Amino acid sequence: MTTHDAWEKIHSSRDWGAYPTEYVIRFVARNYYQTEREKIRILDFGCGQGAHTWYLAREGFDTYAFDISESAIEKMKLRLEKEKLFAHVQVMDGVRLGYPESFFDAVIDSACIYANKVEDIQKMHQNIFRVLKPGGKFLSFVFGKGTTGYGTGTLIEPDTYEYMTEGNLPRIGYAHFFEQKEILRMYTEVGFKSPTIDLWTYTDNGNCVEGYIVSGIK
Ligand SMILES: C[S@@+](CC[C@H](N)C(=O)[O-])C[C@H]1O[C@@H](n2cnc3c(N)ncnc32)[C@H](O)[C@@H]1O
């Protein structure tokens, strides 16, 4: 199933994540709370139903967001409207990112990029590098091979699976499971300076989640 069809199926049939995650709040607070917020342009990359878009708009940043799923974007637009918040939102595929060069102060990927095949993942990293201003920051959350579900379902390419039979990740759509050295290689190839990787492991309903919180600077 294509990435679009898988996620459209998910977003059209259920609600997904209304509130922001701690690692995004920490990144934004550390880097941008003490600024003139309306002048800081931040992109929520693969925003889903907009938990982080909502947070960024509410905190006063110049907020942009997109997702491949029409239903996700529709749900988010309704929520923003209802709460009288504003963000520039649209349906788009992250592989074909349509923003100008050097446009954003920061790009945040909260578990979107992992849901793609490796070739597209690296295209997305290149796109993000292009749209960031020099000195701009990228934050990404991806899953490691210690996450329950890795090794189950249909193997699409090395370390990328579909129709997983275990774990908490969606069972439809692709999931690529990373290793630290792969992340470092990808970021370095694209040109990010001093990438940092923090490990966040926890269990959820008895399933393991091995998360990498990665940040890089253009
Ligand atoms: C796990 S959800 C995370 C959503 C959101 N970032 C959050 O934190 O709530 C992954 C999202 O990535 C989107 N996505 C996956 N691949 C994409 C792509 N190539 N282009 C745009 N969006 C994509 C999906 O539609 C889905 O909404």
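1. A residue counts as buried if 20 or more other C-beta atoms lie within 10 Å of its own, and as exposed if 12 or fewer do. Apply that to strand β9, residues 193-204, in this predicted model. Of its 12 residues, the number buried is zero, so β9 lies largely in the open.

2. What does β9 pair with? Its partner is strand β10, residues 207-217. The two run antiparallel and are joined by 10 bridges. Within the pairing, Thr196 stands opposite Ser215 of β10. The two strands form a hairpin with two residues between them. Asn205, in the turn, has a positive phi of about 60 degrees.

3. Strand β2 (residues 62-67) is another matter. Five of its six residues are buried, so the rest of the structure largely encloses β2. Five bridges join β2 to strand β1, residues 41-45, and this pair runs parallel. Ile42 faces Thr63 of β2 across the pairing.

4. Ile42 also belongs to the largest nonpolar core, which holds 56 residues. Which members touch the most others? They are Ile42, Leu43, Val107, Ile108, Val142 and Ala175. Strand β5 (residues 132-144) gives the most to this core, with six residues. In soluble globular proteins, nonpolar side chains tend to be buried together.

5. Val142 deserves a look within that core. Set aside neighbours within four places in sequence. Val142 is then in contact with Ile113, Tyr114, Phe178, Tyr212 and Val214.

6. Phe104 sits in strand β4, residues 104-110. Is Phe104 buried or exposed? It is buried, because 23 other C-beta atoms lie within 10 Å. Not counting residues up to four places away in sequence, Phe104 touches Arg41, Ile42 and Leu43. It also touches Val131, Leu132, Lys133 and Gly136. Phe104 and Arg130 are 26 residues apart in sequence, but their C-alpha atoms are 9.5 Å apart in space.

7. Gly149 is found in the loop between β5 and β6 (154-157). Despite the loop setting, Gly149 counts as buried, because it has 21 C-beta neighbours inside 10 Å. Outside four places in sequence, the contacts of Gly149 are Met164, Glu166, Gly167, Leu169 and Ala175. Ala175 is also one of the core residues that touch the most other members. Phe177 is 28 residues from Gly149 in sequence and 9.6 Å away in space, C-alpha to C-alpha.

8. Now the helices. Two packed helices are described by the angle between their axes and the distance between the axes. For α1 and helix α4 (residues 70-82), the axes come within 7 Å and cross at roughly 35 degrees. On the α1 side, the contact is made by Glu8, His11 and Ser12. On the α4 side, Glu70, Ser71, Ala72 and Lys75 take part. By class, this contact has one nonpolar, three polar and three charged residues.

9. Helix α1 (3-13) has a part in the ligand site too. Both α1 and α3 (51-58) supply at least two residues each to the shell around the ligand. Which residues come nearest? Of the 20 around the ligand, they are Trp7, Gly46, Gly48, Ser110 and Cys112. The shell divides into nine nonpolar, nine polar and two charged residues.

How values were computed: Residues are numbered from 1 along each chain as its sequence is written. This is a predicted model: local features need pLDDT of at least 70, side-chain atom pairs count only at pLDDT 80 or more; totals for chains, interfaces and linings use all residues. A residue is near a molecule or strand if its C-beta atom, placed from the backbone, lies within 6 Å of it. Helices (H or I, at least four residues) and strands (E, at least two) are DSSP runs, numbered from the N terminus. Ala, Val, Leu, Ile, Met, Phe, Trp, Tyr, Cys and Pro count as nonpolar, Asp, Glu, Lys and Arg as charged, and the others, Gly among them, as polar. A nonpolar core is a set of buried Ala, Val, Leu, Ile, Met, Phe, Trp, Tyr and Cys residues joined through C-beta atoms within 7 Å. Two residues are in contact if their C-beta atoms, placed from the backbone, lie within 7 Å. Two strands pair if DSSP finds at least two bridges between them. Axes are lines fitted to C-alpha atoms, for helices over the stretch in contact, and angles run from 0 to 180 degrees between N-to-C directions.
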